[in-house]
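Trainee: Please take me through one part of this model in close detail. Start with a single residue and work outward from there.

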Amino acid sequence: MFTHLKNIETAFRHVKLFSYFLIAACTIISCFALYKSYQAADLASRHIYILANGKAMEAFAADRKDNIPVEARDHIKMFHHYFFTLDPDEKVINANIGKALYLADESARNQYNDLKEKSYYNNLISGNISQQVVVDSIQLDINQYPYYFKCFATQKLIRATSTVNRSLITQGYLRNVSRSDNNPHGFLIQHWETVANRDTTIQH
């Protein structure tokens with residue numbers, strides 16, 4: 001009888017130990033599952049889906065400070081594209097210049113007015129000259145604010161009989177502004193000036 005009781009006590013102790021082990025294992029698994037679910041939810045919240053041309057494209061959310069160099073260079077590139085990419089059509093010129101002026105302060109408008117007073121745009125139209133710009137490189141200093149930049153580009157003046165290549169160097173500063181449809185990166189170019197704009201090659 002004592003042996004029987006001893007066996008029952010031992011079995012009860014084993015069941016008790018097994019129950020503790022099972023509870024601990026369930027707790028660990030539950031905590032791990034809860035942690036992974038929070039991790040998955042956080043990862044999902046960083047995903048942004050953009051609908052473009054009927055296709056869903058995935059983007060990732062990040063702090064702006066991580067993207068400042070990329071966004072700033074693209075802002076500078078967009079500005080130079082709109083300001084210097086022109087065709088012998090008044091509507092095209094006005095449209096592109098209008099887009100460029102949303103990205104910069106009055107320093108860009110002053111350069112535009114100077115060129116307009118010198119009949120630069122009228123000469124493009126009368127001479128059937130197209131103008132294009134290719135940004136070669138951009139130096140950007142994000143260690144100071146406003147952010148200083150220097151842009152190196154190649155400007156092309158395309159005529160019916162020849163193409164003139166020019167070396168274009170500009171500089172200025174970037175400050176933060178609110179994002180909008182006209183200014184998606186939320187930067188504004190200020191104190192913009194042309195450092196050099198000289199002919200390099202002429203192709204016939």
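Mentor: What follows starts at one loop proline and then moves to some other spots.
This is a predicted model, in which local features need pLDDT of at least 70, side-chain atom pairs count only at pLDDT 80 or more, and totals for chains, interfaces and linings use all residues. Residues are numbered from 1 along each chain as its sequence is written, and side-chain values use heavy atoms, with hydrogens and water left out.

Take Pro88. It sits in the loop between α2 (64-84) and α3 (90-101). Helices here are DSSP runs of H or I with at least four residues, strands are runs of E with at least two, and both are numbered from the N terminus. Pro88 counts as partly exposed because its relative accessibility is 27%. The scale, with a 1.4 Å probe and protein chains only, is buried under 20% relative accessible area, exposed over 50%, and partly exposed in between.

Who are its partners? Leaving out residues up to four places away in sequence, Pro88 touches Leu124, Ile125, Asn128, Ile129 and Ser130. A contact means heavy atoms within 4.5 Å. Look at Ile125. It is 37 residues from Pro88 in sequence, yet their C-alpha atoms are 4.0 Å apart.

Now follow the contact to Asn128. It belongs to the loop between α5 and β3. Asn128 counts as exposed because its relative accessibility is 54%. Its phi is positive, about 50°, although it is not a glycine. Most residues other than glycine have a negative phi, and most peptide bonds are trans.

Ser119 also has a positive phi, about 60°, and it is not a glycine. Its loop runs between α4 (106-117) and α5 (120-126). At 31% relative accessibility, Ser119 is partly exposed.

The peptide bond from Tyr145 to Pro146 is cis, with omega near -5°. Pro146 is in the loop between β3 (130-141) and β4 (147-158).

Back to α4, which holds Ser107. Ser107 is buried, because its relative accessible area is 13%. Its side chain makes a polar contact with the side chain of Asp105 at 2.5 Å. It also reaches the backbone nitrogen of Trp192 at 3.0 Å. A polar contact is a pair of N or O atoms within 3.5 Å; within protein, one must be able to donate a hydrogen and the other to accept it, and residues adjacent in sequence count only if both atoms are side-chain atoms. Setting aside residues up to four places away in sequence, Ser107 touches Gln190, His191 and Trp192.
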